[in-house]
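Here are some notes to read alongside the model. Have it open as you go, and take the points in whatever order suits you.

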Amino acid sequence: MASEAAPGLGLVSPPWPRPQICPEVAYGSLSFSRCSPRSPQSSLSSSNWRIARSSSAKSRARSCYPGPCSRPVTRSRAWATITSGAVNSETLLGRFIKEIKQEEQSKIVVATKFAALPWRFGRGSVVKALKDSLERLNLSSVDLYQLHWPGIWGNEGYLDGLGDAVEQGLVKAVGVSNYKVDRLKRAHDQLKRRGVVLASNQVNYSLIYRKPEENSVKQACDDLGITLIAYSPIAQGILSGKYTPSNPPKGPRGGIYNAEFLSKLSPVLNKLKQLGEKYGKTSTQVALNWLVAQKNVVPIPGAKSAQQAIEIAGALGWNLTADEVEELRDIAKRVSPVVGFPVENL
Ligand SMILES: NC(=O)c1ccc[n+]([C@@H]2O[C@H](COP(=O)([O-])OP(=O)(O)OC[C@H]3O[C@@H](n4cnc5c(N)ncnc54)[C@H](OP(=O)(O)O)[C@@H]3O)[C@@H](O)[C@H]2O)c1
């Protein structure tokens, strides 16, 4: 299929305005809680994610969704991502989309992922999983379909499956996630050979987790015209500044962002706060604005409430100066990053 028929985020003129920031309303608002006693980042299994099934959780989910009753959480597009295996989130999101006005529906951009789990082998499994997702979403196609992480025993089949999904009109653009440079280049080349654009690579990237800068993934994305989608862009809430050494996050996050780490982080948090005061913004908004300033980066912050989603939208429409962007990076460089998701090294 010709590349113009396979529009992607990586194209110069995608069919929709390229979103600058994409609150993951479906993901966050459905109150996924991490059941794994270990670091949430260390788990490969989507079964470690639990969806709150109560009616209050569903109503919180709905409140985050940019429907007619809620204030607009993005200026351009709402973006909803569903983790693979999170069956209920797809079903609920599909339901929410149907509930909003038709003219609003066309503004929604839906992205979902394929988990290369051990029982999903090769090419055919990609289209099959996508069709299952579409059925749950009650949609005929999604805007972006991503391989959630590299397959351990090979990726060629999965990449062929992505190409098949494009050719069958089931998805407008395709991407990968947690791909390091050599994998990314191979994936880009393989898809390109059949005229399909590799639109995006979703990786862990924030002011305090700058591995994509250090391992050249950011550079490779820029060079190849691949949009870098930044997950955990506010370091799972840490950059909001609401967690302190005396008030660390509870649950698995507390094991990573403990009192000692939060003490070391205080110069970064202080600078975010100070810049926020200058611009009349919150620390969350400054941290997201820093990512947007890196260019070719679309952060996907997870919002757990309508209030968080609205705040996230305030990261747009203004800019840190180049000096402030560099100053923040310099301060953040003095803090050792936490351990990331091991699959990004596969
Ligand atoms: N591709 C992958 O392998 C991968 C891996 C991880 C995540 N992701 C994706 O990336 C998305 C976002 O990542 P994430 O949820 O890990 O981290 P994040 O976006 O950095 O942090 C989200 C958390 O921050 C807090 N928060 C959100 N907005 C806030 C605000 N305005 N003020 C204060 N706190 C706020 C919320 O938690 P509290 O209110 O509880 O503090 C929320 O759950 C996820 O939806 C997921 O789909 C992808």
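The numbered points below go from the whole chain to single helices and then to single residues.

1. A word on confidence to begin with. This is a predicted model, and its average pLDDT over the chain is 80, with 75% of the residues scoring at least 70. Two stretches deserve some care. Residues 1-19 have pLDDT below 50, although the model gives this stretch 49 contacts beyond near neighbours in sequence. Residues 66-86 also stay under 50, and here the model has 78 contacts beyond four places in sequence. Where pLDDT is low, the predicted coordinates should not be read in detail, so please treat the contacts counted for these two stretches with that in mind.

2. Next, the overall make-up. The chain has 346 residues, of which 47% count as buried, and its secondary structure consists of 15 helices and 9 strands. Of the contacts with a separation of 6 or more, 79% join residues 24 or more positions apart.

3. Which residues have the most contacts inside the largest nonpolar core? They are Leu162 and Val174, in a core of 81 residues. Leucine 162 is a good place to start looking: leaving aside neighbours within four places in sequence, its contacts are Val126, Tyr145, Leu147, Val174 and Leu191. Val174 therefore appears both beside Leu162 as a residue with the most contacts inside the core and in the contact list of Leu162.

4. Now to helix H13, which I would suggest viewing together with its surroundings. All of its residues are buried, 10 of the 10, so H13 is largely enclosed by the rest of the structure. The buried set runs through Ser283, Thr284, Gln285, Val286, Ala287, Leu288, Asn289, Trp290, Leu291 and Val292. What covers these residues includes strands E8 (227-231) and E9 (297-299), together with H12, H14 and helix H15 (322-333).

5. How do H12 and H13 cross? The axes of H12 (residues 266-279) and H13 (residues 283-292) come within 8 Å, with a crossing angle of roughly 100°. That makes H12 roughly perpendicular to H13. On the H12 side the contact is made by Leu269, Leu272, Lys273, Leu275 and Gly276, and on the H13 side by Ser283, Gln285, Val286 and Ala287. By type, these residues divide into 5 nonpolar, 3 polar and 1 charged.

6. Helix H14, among the elements covering H13, is itself mostly covered. Of the 8 residues in H14 (residues 306-313), 6 are buried. They are Ala306, Gln308, Ala309, Glu311, Ile312 and Ala313.

7. Two loop residues are worth a look for their backbone angles. Asparagine 178 has a phi near 60°, a positive value in a residue other than glycine, and lies in the loop between strand E6 (171-177) and helix H7 (181-193). Lysine 295 has a phi near 65°, also positive in a residue other than glycine, and sits in the loop between H13 and E9. Are these residues buried or exposed? Asparagine 178 is buried, because 23 other C-beta atoms lie within 10 Å. Lysine 295 is exposed, with 9 other C-beta atoms within 10 Å.

8. Arginine 183 is in helix H7. With 20 other C-beta atoms within 10 Å, this arginine is buried, and 20 is the count at which a residue begins to qualify as such. Not counting residues up to four places away in sequence, Arginine 183 touches Pro150 and Asn155. The C-alpha atom of arginine 183 is separated by 9.1 Å from that of leucine 346, a residue 163 positions away along the chain.

9. Two glutamates complete these notes. Glutamate 135, in helix H5 (residues 122-137), is exposed, with 12 other C-beta atoms within 10 Å. Its C-alpha atom is separated by 8.5 Å from that of threonine 91, 44 residues apart along the chain. Glutamate 327, in helix H15, counts as partly exposed, because 14 C-beta neighbours lie inside 10 Å. Between glutamate 327 and valine 268 there are 9.9 Å in space, C-alpha to C-alpha, and the two are 59 residues apart in sequence.

Notes. Residues are numbered from 1 along each chain as its sequence is written. This is a predicted model: local features need pLDDT of at least 70, side-chain atom pairs count only at pLDDT 80 or more; totals for chains, interfaces and linings use all residues. Axes are lines fitted to C-alpha atoms, for helices over the stretch in contact, and angles run from 0 to 180 degrees between N-to-C directions. Helices (H or I, at least four residues) and strands (E, at least two) are DSSP runs, numbered from the N terminus. Angles under 35 degrees count as roughly parallel, over 145 as roughly antiparallel, 65 to 115 as roughly perpendicular and the rest as oblique. Two residues are in contact if their C-beta atoms, placed from the backbone, lie within 7 Å. Ala, Val, Leu, Ile, Met, Phe, Trp, Tyr, Cys and Pro count as nonpolar, Asp, Glu, Lys and Arg as charged, and the others, Gly among them, as polar. pLDDT is the predictor's confidence in each residue, from 0 to 100. A nonpolar core is a set of buried Ala, Val, Leu, Ile, Met, Phe, Trp, Tyr and Cys residues joined through C-beta atoms within 7 Å.
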